[in-house]
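Me: I'd like to practise reading side-chain features in a structure. Could you walk me through one?

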Amino acid sequence: MIFNQVPNIDQAVVSVHCHDDLGMAVDNSLIALSCGVRQIECAINGLGARKGNADFSKVVMEVSKQENYQLEINTSLMSKAAELIFQITGIGEYYFKHMIVK
C-alpha cells in the first residue's frame, strides 16, 4: 500500500526494521522484501534495538536461497564479525559458534 501511495517512492530505498518479540522478525523481513523493501535492518549476535531485531545470518541465508535477489555480502566473514562482536561485548557466543555459512 505504501508503494502505491507515496509519490516518487521509486527514488528512495525503503527499509524495514522488524523486532523479534514473537519470533517473526526474519519472516516479516522477508515478506517485506517480497513487497518491495530493499533494505533489512538486522542484528548480529542478537544485538540491536532491545536485542531483538531480525538475525543477520538467518536473513542472509534465507535471501541467498532465493534466485530473484542479489546480495553483495561476503558470507565467509559473517562468523568472524560475530566472533569479533562477542570479543568486544561478551554477548552472543552461541551465534558465531553455531553459524554455518557456505
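**Reading the side chains**

Reply: Happy to. A search of the whole structure, which is a predicted model, finds 1 salt bridge.

Me: Which side chains meet in that salt bridge?

Reply: Start with the general idea: side chains of opposite charge can pair when their charged atoms come close. Here the partners are Lys-65 and Glu-62, with 3.0 Å from N to O. Lys-65 is exposed, at 61% relative accessible area, while Glu-62 is partly exposed, at 29%.

Me: Now the interior. Which residues have the most contacts inside the largest nonpolar core?

Reply: In soluble globular proteins, nonpolar side chains tend to be buried together. In this model the largest such core has 13 residues, and the most contacts inside it belong to Val-16, Val-26, Val-37, Ala-54, Val-59 and Val-63. Helices α2 (25–34) and α3 (56–64) each supply at least two of the core's residues, and α2 gives the most, with 5.

Me: What is Val-59 in contact with, leaving aside its neighbours within four places in sequence?

Reply: Val-59 touches Val-26, Ile-40, Cys-42 and Ala-54.

Me: Cys-42 caught my eye. How many disulfides does the structure hold?

Reply: It holds 0. A disulfide needs two cysteine sulfur atoms within 2.5 Å. For Cys-18 the nearest cysteine sulfur is that of Cys-42, 9.2 Å away, so Cys-18 is in no disulfide. Cys-42 is likewise in none, its nearest cysteine sulfur being that of Cys-18.

Me: Is Cys-18 buried or exposed?

Reply: Cys-18 counts as buried because its relative accessibility is 11%, under the 20% cut-off. Cys-42 is partly exposed, at 29%.

Conventions: Residues numbered from 1 in each chain as written. Predicted model: local features only at pLDDT ≥ 70, side-chain atom pairs only at ≥ 80, totals over all residues. Heavy atoms only, no water. Buried < 20%, exposed > 50% of the residue type's maximum accessible area, 1.4 Å probe, protein only. Salt bridge = Lys/Arg side-chain N within 4 Å of Asp/Glu carboxyl O. Core = buried A, V, L, I, M, F, W, Y, C linked by side-chain atoms within 4.5 Å. Helix = DSSP H or I, 4+ residues; strand = E, 2+ residues; numbered from the N terminus. Contact = heavy atoms within 4.5 Å.
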